[in-house]
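Let's take a friendly walk through this model, stopping at a few spots that reward a second look. Please keep the structure open beside the text.

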Amino acid sequence: MQPFTYARAVDPADAYTGVPQRTALLAGGTELLNWMRLGIEHPAHLLDISHLSGLKTIDTLDNSAGLRIGALATLNEIAEHPRIVNDYPVLAQACLKAASAQLRNLASIGGNLLQRTRCPYFRSLDALPCNKRTPGSGCAARHGINDKHAIFGWTDDCVAVQPSDPAVALAALDAEVVIASARGIRRVAADNFHTLPADELQRHNVLADDELITAIELHAAAPRSAYLKVRERESYEFALVSAAAAVELDGETIRTARIALGSVALRPWRLKEAERRLQGVSISALDIVRAAIEHEFQSARALPHNASKIVIAQNAALRALQLAAKQANGGMA
Ligand code: SF4
């Protein structure tokens with residue numbers, strides 16, 4: 001690890017005003033310290049924002065039934081917040097399943113969104129071909145071990161997936177990421193926050209170097225929502241596939257459905273065509289619901305070692321939708 005200076009911010013604006021080059025922001029530190037240990041990042045300066053109380057609160061949005069979650073709220077604070085448990089259970093469940101209790105007590109929601117792919121070639125201490133680590137070096141995963149890699153949105157240059165659990169829930173909730181800079185405030189839809197390989201290979205998300213995530217905004221409540229995480233062991237593991245679903249029902253008839261998949265692409269993957277096909281369908285009409293979901297997978301492309309992820313993802317989407325419909329707070333009619 002290379003030497004670095006350390007300073008504490010006194011105001012959120014310190015994170016985007018007059019910041020020296022090669023400065024990294026330190027919040028929970030659970031991901032940044034991995035990057036430094038593995039040589040993925042070599043910051044010359046650490047600016048500690050972890051104590052900025054104005055970025056930690058969870059408040060009702062002005063003039064709205066929604067919620068504003070400060071970017072430094074921890075995963076456990078979100079998972080245990082009564083409004084989130086009742087009105088956005090998919091997010092509470094995703095935060096609970098994101099990491100061990102110790103990590104959830106430290107990790108912030110903003111930092112969780114900024115985590116980078118778990119592709120083992122990207123995180124290797126050896127200098128392996130990886131276009132994201134070393135531009136132009138190739139992609140060792142494309143024809144290497146790729147059982148946990150993408151089935152949507154990949155290119156020959158990168159087949160990695162984004163591992164965040166909360167990001168998948170936020171995508172299904174149509175949440176917005178609030179971003180501040182010296183130029184002002186902008187909001188980005190949660191399912192557009194992360195970038196695909198075809199967008200710009202060296203980027204991981206749309207956050208510019210001089211910008212700071214200050215909050216996540218949740219809008220309409222989604223009491224019938226649920227998160228399902230499929231992994232190779234039941235705890236302390238990243239998702240093989242995950243699914244977040246939010247549904248509104250008239251009796252058993254689906255009025256609206258929102259479904260996002262995780263760990264299938266470099267960003268959460270909304271099943272927009274399936275959502276459209278599910279409108280007006282009975283949640284109990286299993287063959288029709290399954291067909292609507294499977295139709296979306298016409299654009300899925302398996303890699304040599306991950307064809308099973310297509311079937312797993314279809315089943316996860318279906319199961320998450322059924323769990324959302326049965327969510328106790330929403331109450332299936
Ligand atoms: Fe690197 Fe992406 Fe290929 Fe993994 S999949 S080795 S992150 S270029």
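Which side chain of opposite charge is nearest to Asp 48, and how far away is it? The residue to look for is Arg 8, 4.2 Å away; Asp 48 is buried yet has no salt bridge. Buried here means under 20% relative accessible area, exposed means over 50%, and partly exposed is in between, with a 1.4 Å probe and protein chains only. A salt bridge is a side-chain nitrogen of Lys or Arg within 4 Å of a carboxyl oxygen of Asp or Glu. As for charge, Lys and Arg count as positive and Asp and Glu as negative, while His and the chain ends are not counted.

Before going on, please note that this is a predicted model, in which local features need pLDDT of at least 70 and side-chain atom pairs count only at pLDDT 80 or more, whereas totals for chains, interfaces and linings use all residues. Residues are numbered from 1 along each chain as its sequence is written, and side-chain values use heavy atoms, with hydrogens and water left out.

**Around Asp 48**

Asp 48 sits in strand E3 (residues 45-48). Helices (H or I, at least four residues) and strands (E, at least two) are DSSP runs numbered from the N terminus. The Asp 48 side chain does have a polar partner: it makes a polar contact with the side chain of Ser 50 at 2.6 Å. Such a contact is a pair of N or O atoms within 3.5 Å; within protein, one must be able to donate a hydrogen and the other to accept it, and residues adjacent in sequence count only if both atoms are side-chain atoms. Not counting residues up to four places away in sequence, Asp 48 touches Tyr 6, Ala 7, Arg 8, Ala 9 and Leu 26, where contact means heavy atoms within 4.5 Å.

**Two enclosed helices**

Helix H7 (residues 165-172) is largely enclosed by the rest of the structure, because 8 of its 8 residues are buried. At its N-terminal end, Ser 164 acts as a cap, with a side-chain oxygen 3.0 Å from the backbone nitrogen of Ala 167. Just after H7, Asp 174 takes a positive phi of about 55°. Helix H4 (residues 89-96) is also largely enclosed, since 6 of its 8 residues are buried. The buried residues in H4 are Pro 89, Val 90, Leu 91, Ala 92, Ala 94 and Cys 95.

**Salt bridges**

Side chains of opposite charge can pair when their charged atoms come close. The structure holds 21 salt bridges, and three of them are set out here.

| Pair | Closest N to O |
|---|---|
| Arg 258 and Asp 174 | 3.2 Å |
| Lys 272 and Asp 191 | 4.0 Å |
| Glu 234 and Arg 231 | 3.6 Å |

The pair of Arg 258 and Asp 174 links distant parts of the chain: Arg 258 is in strand E11 and Asp 174 in the loop between H7 and E6, 84 residues apart. Arg 258 is buried at 16% relative accessibility, whereas Asp 174 is partly exposed at 38%. Both belong to a network of salt bridges that links Asp 174, Arg 258, Arg 270 and Glu 275.

In the second pair, Lys 272 is partly exposed at 48% relative accessibility, and Asp 191 is buried at 13%. In the third, Glu 234 is exposed at 62%, while Arg 231 is buried at 17%.

**Loops with positive phi**

Tyr 236 has a phi near 55°, a positive value in a residue other than glycine. Tyr 236 lies in the loop between strand E9 (225-230) and strand E10 (241-250) and is exposed, with a relative accessible area of 55%. Ser 263, with phi near 60°, is found in the loop between strand E11 (253-262) and strand E12 (269-270). Is Ser 263 buried or exposed? At 4% relative accessibility, Ser 263 counts as buried.

**A loop residue with a distant partner**

Ala 65 belongs to the loop between strand E4 (58-60) and strand E5 (67-70) and is exposed, with a relative accessible area of 58%. The C-alpha atoms of Ala 65 and His 219 are separated by 6.8 Å, although the two residues are 154 residues apart along the chain.
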